[in-house]
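Here are a few short exercises to work through with the model open beside you. Try each task before reading its solution.

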Amino acid sequence: MTLLSNTIIVIVLCFTTVCFSQSSNAYKVIYAADEEGKAVSGDRETLVDYTNNGNPIRVGWDLTIQTKDSIYTMTHWADAGFITILEGHVFAQVRPIYAQGPKRPAENEIPAVFLTNAEPNSWVAIIGTTGVMRQKFKRDKKMIDMLKQTMTEKEIDEFLKDRELINVSTKWAVLEQ
C-alpha cells in the first residue's frame, strides 16, 4: 500500500470512530421516584455521583391535571440548571421559560400546548428527588381569562397559590458517553 492509501484508511477509521461515538451519546434514566420521593427505579446515590462528576443532567416530571370532566397527565423534560445536593437528595433548578399550558382537545381533535403569555422567564421551578416541586409563574391575562371560565377570582388565587408547591413523580437522566 502506498502512503496515500494508508493515510486515507486512517482518516476514514478516525472519522468512523468519531461519528459512531457521537451517535452513541444518549441520555439514560438512572433514577425515578414517585410523588412522595420514594424510589421507583435506580439508585439515588448513583445520581448524586453523576451530579458530583459534572455530568449533564435532565429532569422529567409528570403533572396530573384534574378538570371537572377528566384527569390527564402531562410529562415535561428539561435540562437541570443550577443543581444542589442536600442530605443525599438532588434539587434541580429548571431554567426560566415561557409558561405554557395544555389545551384539552374536543372530541376528534388532537391535543395542543400553548404559551400562556408572550413573556420570557415567566415560569421557573426547583424540582427535587424528594418529589417536591416549587414553582413560580407570572400571572397573565390569557391564563387568568382561561381560568375564569371555570373559577371565581378567589378560587383562581387559591389555585395559583396551591400550585406553587406540589408533589410530582420525577425521572432523572444523565448523558452517558
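**Exercise 1: Surface and overall make-up**

Find how much area the chain exposes, and what share of that area carbon and sulfur atoms supply.

Solution. The exposed area of the chain is about 11,700 Å², and 57% of it comes from carbon and sulfur atoms. Keep in mind that this is a predicted model. Next, look inside: of the 177 residues, 30% are buried. Then sort the secondary structure, which gives 4 helices and 11 strands. Finally, take the contacts between residues at least 6 apart in sequence: 55% of these join residues at least 24 apart.

**Exercise 2: The nonpolar cores**

Work out which elements give two or more residues to the largest nonpolar core.

Solution. Start with the core itself, which has 26 residues; L47, W61, I127, M133 and W172 have the most contacts inside it. Now map the core onto the elements: β1 (26–33), α2 (44–52), β3 (57–66), β4, β5, β8 (123–128) and β11 (169–176) each give two or more residues. Of these, β3 gives the most, with 5 residues. Another core, of 5 residues, lies apart from this one, and M143, I144, L147 and L160 are among its members. As background, nonpolar side chains tend to be buried together in soluble globular proteins.

**Exercise 3: An unusual backbone angle**

Locate E87, and decide whether it is buried or exposed.

Solution. First, place E87 in the loop between β4 (71–86) and β5 (89–97). Second, check the backbone: E87 is not a glycine, yet its phi is positive, at about 50°. Most residues other than glycine have a negative phi. Third, compare its relative accessible area of 75% with the cut-off of over 50%: E87 is therefore exposed.

Technical notes: Residues numbered from 1 in each chain as written. Predicted model: local features only at pLDDT ≥ 70, side-chain atom pairs only at ≥ 80, totals over all residues. Heavy atoms only, no water. Buried < 20%, exposed > 50% of the residue type's maximum accessible area, 1.4 Å probe, protein only. Contact = heavy atoms within 4.5 Å. Areas by Shrake-Rupley, 256 points an atom, 1.4 Å probe, with all protein chains shown as cover. Core = buried A, V, L, I, M, F, W, Y, C linked by side-chain atoms within 4.5 Å.
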